[in-house]
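Welcome to this short briefing. Take a moment to look over the sequence and the structure, and then we will walk through them together, topic by topic.

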Amino acid sequence: MRIAVTGKQGQVVQSLLRRGAETGVEISAVGRPEMDLADPASIAAAFSALRPDVIVSAAAYTAVDKAESEPELAFSVNAAGAGAVAEAAARIGVPVIHISTDYVFSGDKASAYSEEDATAPISVYGRSKLAGEKAVAAANPNHVILRTCWVYSPFGANFLKTMLRLSETRDHLSVVADQTGCPTSALDIADAILAIATRVVTDPAPSLRGTFHLTGSGEASWADFAEEIFAELAKSGGRTVGVERIPTADYPTPAKRPANSRLNGDKLARTYGIRLPDWKQSMKIVMRDF
Ligand SMILES: NC(=O)C1=CN([C@@H]2O[C@H](COP(=O)(O)OP(=O)(O)OC[C@H]3O[C@@H](n4cnc5c(N)ncnc54)[C@H](OP(=O)(O)O)[C@@H]3O)[C@@H](O)[C@H]2O)C=CC1
Ligand SMILES: Cc1cn([C@H]2C[C@H](O)[C@@H](COP(=O)(O)OP(=O)(O)O[C@H]3O[C@@H](C)C(=O)[C@@H](O)[C@H]3O)O2)c(=O)[nH]c1=O
Ligand SMILES: [Mg+2]
């Protein structure tokens, strides 16, 4: 099986490349400068030469706060660009696995969101990613959309690396405690993508297509996540860093973020037999990578 994935230095693409090297699955990263999602003309050509069996659409504009001041760029990458990648997959007759986000939801629901729940994004980034989901589904019925949440890894930029960086010069940090979701390792996402790709490349069943939620097991607030990071850091002989738990109002940001980012993963478990490990366990594995 030959997989093409969009992006080059990002968390999910780098995790996929690592898993591909470990398992012998052929994975090609397609991204800037030869393929720029903001330039649809560069997308079609990028895949025809590769002849992949499946395209993983992982690349995205992920700067949540910056998106509030450059919506056109966020939409051109996350909506039009994603649609063009799905179209390229349809043109060569292969499935597209597209990664989306919990930020398509308002966060007002009391319990974890399932795939059937109404979406109502409250940020430009969330709106651009929802438009991308619709563009992908319209361009290629042979699609799997995976919504994930709070992604971290040894690669790229993420909350875990931000906390570790800030902890080098601070002995305590203020972190919001009223936004709840589930930290998800990009390495676990890569494992799930490989398992899903293996199935959809050979099995045309409609039940394997559509939208699925994919997150680590368990739940946490960002403050819980930070506390777990620093407990692990102290345990491995690192600095002791305190976390002051604050309300969102005390940490103003340009973008609004959902209070509840929890996603219910039962549909993926039922359909594919996939459920990711507990987030605390996966976090420890990633921290050993530093
Ligand atoms: N990070 C998170 O917490 C979450 C992420 N997601 C989704 O998961 C997916 C992967 O996220 P993640 O791995 O964290 O992404 P990163 O922020 O780590 O990396 C973004 C990737 O997108 C690529 N990219 C950005 N703009 C363009 C462009 N114009 N043309 C081509 N490539 C571009 C980057 O390319 P380059 O390598 O050239 O820099 C990079 O590889 C995304 O679709 C994101 O929306 C969903 C939920 C949570
Ligand atoms: C750095 C920092 C952040 N925070 C808060 C701000 C915010 O509400 C929360 C998360 O901060 P970040 O900006 O790192 O996380 P953010 O970029 O919002 O992460 C999001 O990325 C996109 C791509 C997604 O798709 C989402 O699932 C989610 O993972 O933590 C603190 O309270 N204290 C701090 O010191
Ligand atoms: Mg961010």
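Two strands pair if DSSP finds at least two bridges between them. Strand S1 (residues 2–6) and strand S3 (residues 54–57) pair in this way, in the parallel sense and over three bridges. Please keep in mind that this is a predicted model. We begin with the sheet, move on to the two ligands, and finish with a pair of serines.

**The sheet as a whole**

- Six strands make up an open sheet with parallel pairing, and their order is S2-S1-S3-S4-S5-S10.
- Which strands lie at the edges of the sheet? They are strand S2 (26–30) and strand S10 (210–213), each of which pairs on one side only.
- On average, neighbouring strands of this sheet are turned by 20° against each other, direction ignored.

**Strand S1 and its two partners**

- On one side, S1 pairs with S2 in the parallel sense, over five bridges.
- Along this pairing, arginine 2 has glutamate 26 in S2 as its bridge partner, and valine 5 stands opposite alanine 29 in S2.
- To get from S1 to S2, the chain passes through helix H1 (residues 11–23), and this β-α-β crossover is right-handed.
- The pairing of S1 with S3 can also be followed residue by residue: isoleucine 3 stands opposite valine 54 in S3, and alanine 4 stands opposite isoleucine 55 in S3.
- Why is S1 described as largely enclosed by the rest of the structure? Four of the five residues of S1 are buried, so the description fits.

**Strand S3, covered on both faces**

- In a regular strand, the side chains alternate between the two faces of the sheet.
- In S3, Val54 and Val56 are on one side, while Ile55 and Ser57 are on the other.
- All four of these residues are buried, and both faces of S3 are therefore covered; buried here means under 20% relative accessible area.
- S3 also runs parallel to S4, and three bridges join the two strands.
- In this pairing, serine 57 stands opposite histidine 98 in S4.

**Around ligand 1**

- Ligand 1 has 26 residues around it, and those that come nearest are Gln9, Val12, Thr62, Tyr125 and Lys129.
- The side chain of threonine 62 has an N or O atom 2.6 Å from an oxygen atom of ligand 1.
- Two backbones also take part: a backbone N or O atom of leucine 37 lies 2.9 Å from a nitrogen atom of the ligand, and one of isoleucine 99 lies 3.3 Å from an oxygen atom of ligand 1.
- On its own, ligand 1 has 900 Å² of accessible area, and the protein covers 85% of that.
- Which elements give two or more residues to the shell around ligand 1? They are H1, strand S4 (96–101) and helix H5 (124–139).

**Around ligand 2**

- Ligand 2 is surrounded by 20 residues, of which the closest are Thr101, Asp102, Tyr125, Val176 and Arg257.
- A polar side-chain atom of tyrosine 125 lies 2.8 Å from an oxygen atom of ligand 2.
- The side chain of tyrosine 103 has an N or O atom 3.0 Å from an oxygen atom of this ligand, and a polar side-chain atom of glutamine 179 also lies 3.0 Å from an oxygen atom of ligand 2.
- The protein covers 83% of the 710 Å² of accessible area that ligand 2 has on its own.
- Helix H6 (159–167) and strand S7 (172–176) are the elements that give two or more residues to the shell around ligand 2.
- H6 provides the largest share of that shell, namely four residues.

**Two serines to look up**

- Serine 100 is part of strand S4. Is serine 100 buried or exposed? With a relative accessible area of 3%, serine 100 is buried.
- The side chain of serine 100 makes a polar contact of 2.6 Å with the side chain of glutamate 133.
- Serine 236 sits in the loop between helix H8 (222–235) and strand S12 (242–246). Its relative accessibility is 56%, so serine 236 counts as exposed.
- A polar atom in the side chain of serine 236 lies 3.0 Å from the backbone oxygen of glutamate 232.
- Serine 236 and methionine 287 are 51 residues apart along the chain, and 9.6 Å separates their C-alpha atoms.

Conventions. Residues are numbered from 1 along each chain as its sequence is written. Chains are lettered from A and ligands numbered from 1 in the order in which they are written. This is a predicted model: local features need pLDDT of at least 70, side-chain atom pairs count only at pLDDT 80 or more; totals for chains, interfaces and linings use all residues. Side-chain values use heavy atoms; hydrogens and water are left out. Axes are lines fitted to C-alpha atoms, for helices over the stretch in contact, and angles run from 0 to 180 degrees between N-to-C directions. Buried means under 20% relative accessible area, exposed over 50%, partly exposed in between (1.4 Å probe, protein chains only). A crossover is right-handed if, with the strands pointing away from the viewer, the path from the first strand over the helix to the second runs clockwise. A residue is near a molecule or strand if one of its heavy atoms lies within 4 Å of it. A polar contact is a pair of N or O atoms within 3.5 Å; within protein, one must be able to donate a hydrogen and the other to accept it, and residues adjacent in sequence count only if both atoms are side-chain atoms. Accessible areas come from the Shrake-Rupley method with a 1.4 Å probe; for residues, only the protein chains shown count as cover.
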